[in-house]
Every structure is written in structure tokens, then in C-alpha cells.
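Visitor: Could you walk me through this one? I'd like to begin with the metal site and then move on to the packing.

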Amino acid sequence: MKKQKIIIDTDPGYDDALAIMLAEKSRLFDILAITTVAGNSTIQNTTNNARFVLNLIESKTKLWSGANAPLKRKLIKANVHGKNGLDGATINKEEKLTNNAVNKIIENIINNPNEVTILMLGPLTNIAQAFVKEPSIIPLIKEIIIMGGAINVPGNKNRVAEFNIFVDPDAADIVFQADIKKTLIPLDVCNNIFFTLIDFRRLNDSNLYEIIYEMMKKYIDNIYMFEKIRGAIMYDPVAAYYLINSQAFATVEMDIQIETRGKLTRGMTVVDKRVGEGKNKNVSVVQSVDKEKFKEDFFNILNS
Ligand code: BDR
Ligand code: CA
């Protein structure tokens with residue numbers, strides 16, 4: 001069977017690292033490229049970390065670096081991924097930055113019209129830049145899967161906004177306004193899917209066990225410090241899992257726009273819930289996922 005072509009745009013980050021491993025080790029995809037963006041950490045760190053993950057799983061997937069800052073704002077990094085974005089792993093190699101993620105995204109879409117799904121695991125800066133530079137690619141993209149947004153739950157960066165949308169709301173605004181099939185995996189779902197160190201012992205026969213265990217120890221401590229949840233929240237792996245098994249998810253169509261300016265609400269995913277309004281349904285929002293199936297598949301794939 002022909003494999004689904006995908007591009008993964010990412011800012012590793014512990015959960016990004018696991019999402020990349022999940023997508024790669026599932027062997028279900030033809031991964032055309034992994035593109036990095038500044039988000040959880042600086043572009044240098046997220047790119048070093050992406051290379052580290054690819055090396056760990058002996059992947060030859062192409063890696064290109066992208067935006068070093070949001071479209072119009074200063075980068076605000078995450079708290080939960082430590083100083084280099086992947087604390088707990090020894091990363092002392094500096095990956096050369098190629099700065100061509102946007103061009104590579106455009107090139108891959110043009111060369112594979114209507115065949116490429118893009119998995120967005122960080123701020124939406126690279127893809128927004130690609131849309132601005134080459135709008136003709138918009139109708140050529142098969143689908144965009146976005147980990148981001150907070151619909152009926154508090155934000156994890158301010159009162160209402162989720163980190164990926166908060167960091168670059170201007171980019172998110174461009175993407176949400178683009179006429180393209182989008183699926184959003186919001187905090188509402190991801191907040192409830194976390195693994196403990198005991199769960200990760202299921203990997204103890206894998207050569208990835210020690211390194212994942214070390215990273216998850218730090219991630220879990222940090223999550224507890226900032227989110228008061230005792231577990232490694234699987235934000236980005238759940239988004240990757242949507243590509244692996246969309247049957248395990250329930251979605252609802254919504255009309256969502258992004259708040260780019262609010263003093264308290266920057267990056268809010270604003271849903272039009274008014275009766276008789278909300279006619280411009282522009283995104284499928286994941287409402288629930290079969291948690292047990294996710295967990296079983298996650299550990300089976302990582303163990304494979
Ligand atoms: C998102 O923010 C990042 O810290 C994670 O990697 C994830 O993509 C969750 O809000
Ligand atoms: Ca991420």
C-alpha cells in the first residue's frame with residue numbers, strides 16, 4: 001500500500017520527541033521532511049533536539065530548520081521542557097541551521113499536490129510563512145493536523161490560550177483563515193492523557209528505554225511544577241496518533257478564530273457558539289479519543 005505522505009513541523013520538546021518516534025516507528029508514513037520551529041526552546045535547541053531524536057531511532061528523514069521567532073513577536077519559550085528543550089538527554093552536538101523549512105514545505109507540497117498531510121506540533125510560524133510566500137500551495141495540501149488550542153478548558157500559557165497558539169497568534173490566525181481541511185487536537189483532550197514513570201517501564205525491553213525514562217523523569221517533575229498534574233502529558237503524541245488511527249477520535253466541526261490582540265486573551269481559540277451564528281465552520285475539533293487504545297498502540301509502536 002502507498003504510504004501517506006506527511007511533513008512534521010515541530011519544536012522538540014519532550015512530547016514532540018515522543019510524537020516523532022511514534023510517527024517514525026509506526027512505519028505507516030512517507031515522512032517527506034521534519035521541519036523545526038522556535039517554540040519550546042530556541043531554533044538552535046529545537047533543531048539540535050530533532051537531530052538527536054532522529055539519530056536515536058536511526059532515521060534518515062530529512063531535517064530542515066525554520067523560523068527563529070514568531071511572525072511579529074518575541075519568542076516566549078515553554079517552561080516544562082527545561083533549559084535546552086530536552087533536559088535529561090545529553091545533547092552536545094550543534095546541528096547546522098539550514099533556515100529553509102518554509103521553502104522545503106512549499107517545494108514538497110508543489111511536488112506532491114493533494115497528497116501531503118502536515119502535522120503541526122509547535123507554533124504555526126513556518127506554515128503561515130509558507131502560505132504568505134506561496135498562497136497557491138493552500139489548495140494543494142491534503143490536511144493539516146494541529147496540536148493546539150483550548151476550547152472549554154483554561155489555557156496553559158495564559159487564562160485562555162494554549163502554548164502553540166499563544167506563542168504565534170498571528171501565524172495561527174493566517175492558518176485558521178486558510179481554506180483548507182484542518183483538524184485541531186486541543187488541550188481539552190490532551191490534558192487527560194498522561195503517563196507515569198511506571199507506564200514507561202513498559203518500554204524496558206526497548207533500546208530507547210533509558211533515554212526516554214531519563215527525559216520523562218524531568219518532564220514529569222516540570223509538569224507537576226507548572227501544571228500540578230503528576231504525569232507526562234502526551235500533547236503531541238496524541239496529535240501524531242490522529243494520523244495513525246483517526247477512528248479512535250471523535251470530532252465536531254466548529255467556527256474558530258484566533259485572538260491576536262487581547263490584553264488577557266492573546267492566542268485564544270475563540271469559538272462562535274451563538275445560536276444561528278457560527279456558520280463558517282473552519283476546523284474539525286477533536287472531542288475525545290479512546291485512551292486505552294492510544295496507550296496500547298503507543299507502547300506497542302515504541303517497543304517495535
Ligand atoms: C504544546 O506546547 C508545547 O509545550 C508542547 O510541545 C505541545 O506542542 C502543548 O500546549
Ligand atoms: Ca510541541
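Guide: Before the site itself, a cut-off is needed: donors are N, O and S atoms within 2.8 Å of the metal, extended to 3.2 Å for Na, K and Ca, and since water is not among the atoms, sites may look incomplete. Please also keep in mind that this is a predicted model.

Visitor: Okay, so which protein donors does the calcium ion (ligand 2) have?

Guide: The donors are OD atoms of Asp-11, Asp-16 (listed twice) and Asp-236, together with the O of Leu-121, and they lie 2.2 to 2.5 Å from the calcium ion (ligand 2). Along the sequence, the spacing of these donor residues is D-x4-D-x104-L-x114-D.

Visitor: Are Asp-11 and Asp-16 buried or exposed?

Guide: Both Asp-11 and Asp-16 are buried. Asp-236 is also among the buried residues, as part of α10.

Visitor: Why is helix α10 largely enclosed?

Guide: Because 10 of the 10 residues of α10, which spans residues 235-244, are buried, the helix is largely enclosed by the rest of the structure.

Visitor: Switching topic, at what angle do α1 and α2 pack?

Guide: Helix α1 (residues 14-26) packs against helix α2 (residues 43-56) at about 35°, and their axes are 10 Å apart. The contact involves Ala-17, Ile-20, Met-21 and Glu-24 from α1, and Val-53, Leu-54 and Leu-56 from α2, a set made up of 6 nonpolar residues, no polar ones and 1 charged.

Visitor: And the strands, what does β6 pair with?

Guide: Strand β6 pairs in the parallel sense with β5 (residues 141-147) over 4 bridges, and 2 bridges join β6 to β12 (residues 283-289), again running parallel. Thr-183 is the bridge partner of Ile-145 and stands opposite Ser-284 in β12.

How values were computed:
Residues numbered from 1 in each chain as written. Chains lettered and ligands numbered in written order. Predicted model: local features only at pLDDT ≥ 70, side-chain atom pairs only at ≥ 80, totals over all residues. Heavy atoms only, no water. Buried < 20%, exposed > 50% of the residue type's maximum accessible area, 1.4 Å probe, protein only. Axes fitted to C-alpha atoms, helices over the stretch in contact; angles between N-to-C directions. Contact = heavy atoms within 4.5 Å. Nonpolar A, V, L, I, M, F, W, Y, C, P; charged D, E, K, R; others polar. Pairing = 2+ DSSP bridges.
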